[in-house]
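Subject: A structure for you to look at

Hi,

Here is the structure I promised to hand over. Could you open it alongside this email while you read my notes?

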Amino acid sequence: MTILIAVQGWDPAPWLERFRRLGVDRTVLDAREPFDPAAVRYAAVWKPKPGLLASLPNLKGIFNLGAGVDALLADKTLPDKPIFRITNPDLTKRMTEWVTLQVLFHMRQMPAYMANQKARQWKPLDQPGAHELRVGIMGMGILGRDSAEVLMRLGFKVAGWSRSRQSMPGLEAFAGTEELPAFLARTDILVVLLPLTEATRGILNRDLFGKLAQNGAMGAPILINAGRGGLQSEADILAALEDGTLGGASLDVFEPEPLRPESPLWLHPKVIITPHISADSTPDGLVSGVLKDIAAFEAGETLPNEVDRKTGY
Ligand code: NDP
Ligand code: OXD
């Protein structure tokens, strides 16, 4: 059965090469070239052009090549076909590496040491241990749970917040809007791994930052966001950094992307910026899994990574 590859914002060539090499029993089409829309049964996509999927009359399933589906669901013409997203250990481990790196970077005061190094200053700083710090993870899905596990192993006190309660041994589990204030009040380092939906857009704002613990072992709380840029207000982050409500931030995602050159975030001494690379989708890591998903779907199996259009993730 024919698969259409429609990838925008990433180089499509290695995706096409992998799909063609591993999907030997398939016809693999490139959406940039002329093709017969009626031939396409499956589409493997990242940010496809709005309207493209609606133009495929025999489409049976949509396979999103990343974990987040906000860009896909924003297409008002999206056909009513099942959507599957990436839930692959390759992507999950990459995210856990980035989250752990950022938590440790702030916890071990690397922004201050890097500034001191530039000034040739030998200046040891007081250092809390991991066991004295409370990490709070917003979004306890595939990614949040893996980060939680690693951070707990490093000794941090970890809590998670999600729509439904997600319990794990050693984790303090909070759920729903009514438990959000208590979750924030015990959080020194806030890690955000939420999807962007109608319910979460703009959630990282001044009001929320003001509810984070202000009595932690690091002084002011730290914000680490790898979810989506639409979750955060840049102006509110800057204001909270200025008045000390936040002590630092690591941001991998922005709206729009790339972050505009004139944004004061770029040069802020307490901000770490990475260009949406915390958990890259790679053809090497993911294509064989997507082909397996397509085969399982064809065989009538229920896949756990189907997107719920009502909740938007
Ligand atoms: P999952 O769907 O597995 O997990 C989402 C989590 O968020 C769940 O725990 C869910 O709660 C929770 N959640 C959703 N809506 C709400 C809400 N309104 N209130 C409280 N909790 C909520 O997603 P993943 O872990 O796979 O990925 C999370 C996000 O990470 C992606 O959607 C994407 O935006 C981002 N991402 C970013 C990347 C990057 O490179 N920067 C790479 C990959 C992903 P519940 O458990 O109750 O369902
Ligand atoms: C994703 C991403 O959602 O890379 O997978 O942002």
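**Ligand 1**

A polar side-chain atom of Arg-85 sits 2.8 Å from an oxygen atom of ligand 1, a polar contact (a pair of N or O atoms within 3.5 Å; within protein, one must be able to donate a hydrogen and the other to accept it, and residues adjacent in sequence count only if both atoms are side-chain atoms). Two nitrogen contacts go with it: Asp-252 places a polar side-chain atom 2.9 Å from a nitrogen atom of ligand 1, and a backbone N or O atom of Ala-226 is 3.0 Å from a nitrogen atom of ligand 1. On its own ligand 1 exposes 940 Å², of which the protein buries 91%; such areas come from the Shrake-Rupley method with a 1.4 Å probe, and for residues only the protein chains shown count as cover.

Before going further, please note that this is a predicted model, in which local features need pLDDT of at least 70 and side-chain atom pairs count only at pLDDT 80 or more, while totals for chains, interfaces and linings use all residues. Residues are numbered from 1 along each chain as its sequence is written, chains are lettered from A and ligands numbered from 1 in the order in which they are written, and side-chain values use heavy atoms, with hydrogens and water left out.

Which elements give two or more residues to the shell around ligand 1? They are helix 3 (89-107), helix 5 (142-153) and strand 7 (157-162); helices (H or I, at least four residues) and strands (E, at least two) are DSSP runs, numbered from the N terminus. There are 29 residues around ligand 1, and Arg-85, Ser-164, Gln-166, Asp-252 and Tyr-313 come nearest; a residue counts as near if one of its heavy atoms lies within 4 Å. The shell divides into 15 nonpolar, 10 polar and 4 charged residues, where Ala, Val, Leu, Ile, Met, Phe, Trp, Tyr, Cys and Pro count as nonpolar, Asp, Glu, Lys and Arg as charged, and the others, Gly among them, as polar.

**Ligand 2**

Around ligand 2 you will find Trp-46, Gly-66, Ala-67, Gly-68, Leu-91, Arg-228, His-276 and Ala-279. By class that is 4 nonpolar, 3 polar and 1 charged. Three of these residues make polar contacts to oxygen atoms of the ligand: a polar side-chain atom of His-276 at 2.6 Å, a polar backbone atom of Gly-68 at 2.7 Å and a side-chain N or O atom of Arg-228 at 2.8 Å. Ligand 2 has 210 Å² of accessible area on its own, and the protein covers 88% of that.

**Strands 6, 7, 9, 10 and 11**

How much of strand 6 (residues 134-138) is buried? 5 of its 5 residues are, so the strand is largely enclosed by the rest of the structure (buried means under 20% relative accessible area, exposed over 50%, partly exposed in between, with a 1.4 Å probe and protein chains only). Arg-134, Gly-136 and Met-138 lie on one side and Val-135 and Ile-137 on the other. Strand 6 runs parallel to strand 7, joined by 5 bridges, with Ile-137 partnered by Gly-160. It also runs parallel to strand 9, joined by 4 bridges, and there Val-135 is partnered by Ile-189. Two strands pair if DSSP finds at least two bridges between them.

Ile-189 also stands opposite Ile-222 in strand 10, as strand 9 (residues 189-192) and strand 10 pair in the parallel sense over 4 bridges. Ile-222 in turn faces Gly-248 in strand 11, and strands 10 and 11 (residues 248-251) are parallel over 4 bridges. From strand 10 (residues 222-225), Ile-222 and Ile-224 point one way and Leu-223 and Asn-225 the other way, and all are buried.

Strand 6, helix 5 and strand 7 make a right-handed β-α-β unit, as do strand 10, helix 8 (residues 234-242) and strand 11. Right-handed means that, with the strands pointing away from the viewer, the path from the first strand over the helix to the second runs clockwise.

**The open sheet**

An open sheet of 5 strands has the order 2-1-3-4-5 with parallel pairing. Its edges are strand 2 (28-30) and strand 5 (83-84), each pairing on one side only. Strand 5 pairs with strand 4 (residues 61-64) over 2 bridges, with Phe-63 opposite Phe-84.

Best wishes
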